Amino acid sequence: MKKLVLNCLFSITLMLGLSFSAYAGDGITDKEIHIGSWGPQTGPAAPWGTISRGSDAYFKMINKKGGINGRQIVFHHFDDGYNPARTKAGVKQLQEGETPMFAFVGGVGTSPGLAVVDYLMDAKVPWIGPATASEHWVNPPKKYLFTNYAPYYKEAMVLTKYAVETMKKKRIAVVYQNDDYGKGGLKGVRMQLEKNGMKPVLELPMEVKDTDMKPYIFKLKKADVDAVVLWISVGQAVRTIGTAKAMQLSPQFFGTSTVSDFPLMFKISKGLWKGVITASFNEPPESTSPLMMEYKEAFKQFASKDERWGTFFIAGFMFAEPLVEALKRIPHDELTRERLVLELEGLKNFQGIGAVTSYKKFDVKDPRSRQGTNAVYLTECLDNGANKKLTDWIELD
Amino acid sequence: MTDFLLVLASGITAGSSYALMGLAMVIIYKTSGVVNFAQGEMGLISAYITFMMLDYYGFGYLATFFWAFVFALFLGALMEFAILRRAKDPSVLGLMIITIGLEMILLGLVSWKFGADPKDMPFPISPFESIELVENIYISVLEVLTIGVATAVMLILFLFFRFSKLGVAMKAVQQNPMAAKLMGISTNRVLMITWSISSFVGALAALLIAPANMGPFMMWDPLLKGFAAAVMGGMTSLGGAVVGAYIVGIIENFFGTFISIEFKSVVAFSIIVIMLCVKPSGLFGRHYVKKV
């Protein structure tokens, strides 16, 4: 009898143990890895919401090929409308629901990201590839946060350096969105111009909902600018260039990577985007590299029929690439969040469709331990939104 | 002097689209006392119907604009007949909340059907081509058209409310619906026509805004500025809404150009606050006193 009781106790303990190892409450089971994300599918920032749909297609492609080390990826992404309150509510709902997320990937927008970064870091949930180039992610670096998008100020520095040193522009102005995103661009323009012994001739903050661009163009015209760096939204960038044309102002315009979707920009600006130079953080949609061809096939198979093969859809793949690479390196039975962090730290010179990415062992004093790359390249919009690569990948100190 | 004239011209052109939205809001307020917050999205959906006919189906401009305006008239009538008229024991506040709900529904419909990407609205006039008014003062051709349309709409509406039987009936319905009913005016029909006209004017505004900036949220700013203009003008005065719109546009441009571009966007709303504190009836508004 005693033996029977002991056997029963042993069996129960074994069953409980097995069930805990199959589902330890950290977003993995024997057959699944749960990954979360957010992005605006509605609201003024919705054009960037295509990023999470790109990640969705990427994970479906991986699942179709058999998943990663015996597990399928279950991707949970929700529409936050670029509203930080909704981002926080959505992330908490995912994390505190029946199946918490093993990790988060992508996630559009600095303000939405800022709303959840502390929550995720406190819960020790890895967040890989934020789809926003804020400095907050790595300043100071956070153990569970890995980014592969060069900060905005670095982009702005590269653009400004090109304007001054290659195009010999002398009177450079910056029009920036009056928030963290825009101020990142402003900082980079200032830093690079200072290196060149110059200053911006004009710094114009723009509110997100402003639609009347004439006062801006008036000021730019009065300042006799020969180059303008735009760090504003898609619609505002088009209106600024259109109003400049109507008011007979034609400087060289430069733009952030967020306005680098040339086919879209060319179309909605009725061709005025031609000649604009922007930074870019991944291979262009026209690229025929083997990896891009593979992704294009995934787009054909898994994207909805209304989806467009554009820069931001592709970015959905790029932001998730380091996560997938690290997961592939972890044997089935050894997958934990801590192990994921370890494998990410081991990524050196990883090449996906973005810049070469490397991380290091966590060092709170070294942003580069979590900032996988600082590189961008410059590209110019040609007729019909075609793209001319002006530089190779550039990384400035 | 050139700077002054240039900024003045910019203010007037900005004010024209606000004026159309302000007029559309005033028309409904004049007859029903309701501030229609769905006004922008009613125009938005008409603009997207126009876009669909031109871009997807390749209709000509004339046929498209004709059917878009017919749609706008029908949409306004439908809103009043199918939704607002069905409200049980409606208070003005309740009706305004309904318009906010309608605004969200229409916006959701547009986002669902057409997606969130900005669109390139085909239009016979380029929004970025300009003419030189006087030396170094340029104004886009589309803005000239907008000023012309706003002025014409204001005049037509003024004459309509002043001299037509229907216009007078509309005013009567606003001042005293019961007395109007007793005088043989079909208040329901009058309200339905009012919503149709307002929807038509809103569609005009949206069609003139869309060529430069088409997306699901393109009407937010014009609606808010149009509302500010209508409040400034007095909410019941058509002329007041137009004057208010031009004042808002001009102040915004002068403020943004010569004082602070950072706070340019809040000027319109500061005007609302100041006006409501100092002269709640607006510059040209008249408030009828009801005996109880």
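**Close-up views of chain B in a predicted model**

Chain B of this predicted model has an average pLDDT of 87, and 97% of its residues score at least 70. Within chain B, the mean is lowest, at 82, in helix 11 (residues 267–278), and highest, at 94, in helix 2 (residues 39–56). The model has an ipTM of 0.80 and a pTM of 0.82.

**View 1. Packing of helix 5 against helix 8 in chain B.** The axes of helix 5 (residues 141–163) and helix 8 (residues 187–209) of chain B come within 10 Å of each other and cross at roughly 170 degrees. Because angles over 145 degrees count as roughly antiparallel, helix 5 and helix 8 of chain B are described as roughly antiparallel to each other. Helix 5 of chain B contributes Leu142(B), Leu145(B), Thr146(B), Val149(B) and Val153(B) to the contact, and helix 8 of chain B contributes Val201(B), Leu204(B) and Leu208(B). By class, the residues of this contact comprise seven nonpolar, one polar and no charged.

**View 2. Surroundings of Thr151(B) in helix 5 of chain B.** Thr151(B) has 13 other C-beta atoms within 10 Å and is therefore partly exposed. Its C-alpha atom lies 8.4 Å from that of Ser16(B), although Thr151(B) and Ser16(B) are 135 residues apart along the chain.

**View 3. Helix 2 of chain B and the residue Gly58(B) that follows.** Helix 2 of chain B has 18 residues, which at 1.5 Å a residue should span 26 Å; the end C-alpha atoms are 25 Å apart, in agreement with that expectation. Of the 18 residues of helix 2 of chain B, 13 are buried, so the helix is largely enclosed by the rest of the structure. Gly58(B), which follows helix 2 of chain B, has a positive phi, near 70 degrees.

**View 4. The side of chain B that touches chain A.** Contacts between the two chains involve 31 residues of chain B and 32 residues of chain A. On the chain B side, the elements that give two or more residues are helix 1 (2–32), strand 2 (137–140), helix 9 (220–233) and helix 10 (238–259). The residues on this side of chain B divide into 12 nonpolar, 12 polar and seven charged.

Notes
Residues numbered from 1 in each chain as written. Chains lettered and ligands numbered in written order. Predicted model: local features only at pLDDT ≥ 70, side-chain atom pairs only at ≥ 80, totals over all residues. Axes fitted to C-alpha atoms, helices over the stretch in contact; angles between N-to-C directions. Helix = DSSP H or I, 4+ residues; strand = E, 2+ residues; numbered from the N terminus. Parallel < 35°, antiparallel > 145°, perpendicular 65-115°, else oblique. Contact = placed C-beta atoms within 7 Å. Nonpolar A, V, L, I, M, F, W, Y, C, P; charged D, E, K, R; others polar. pLDDT = per-residue confidence, 0-100. Buried ≥ 20, exposed ≤ 12 C-beta atoms within 10 Å, placed from the backbone. Expected span 1.5 Å × (residues − 1).
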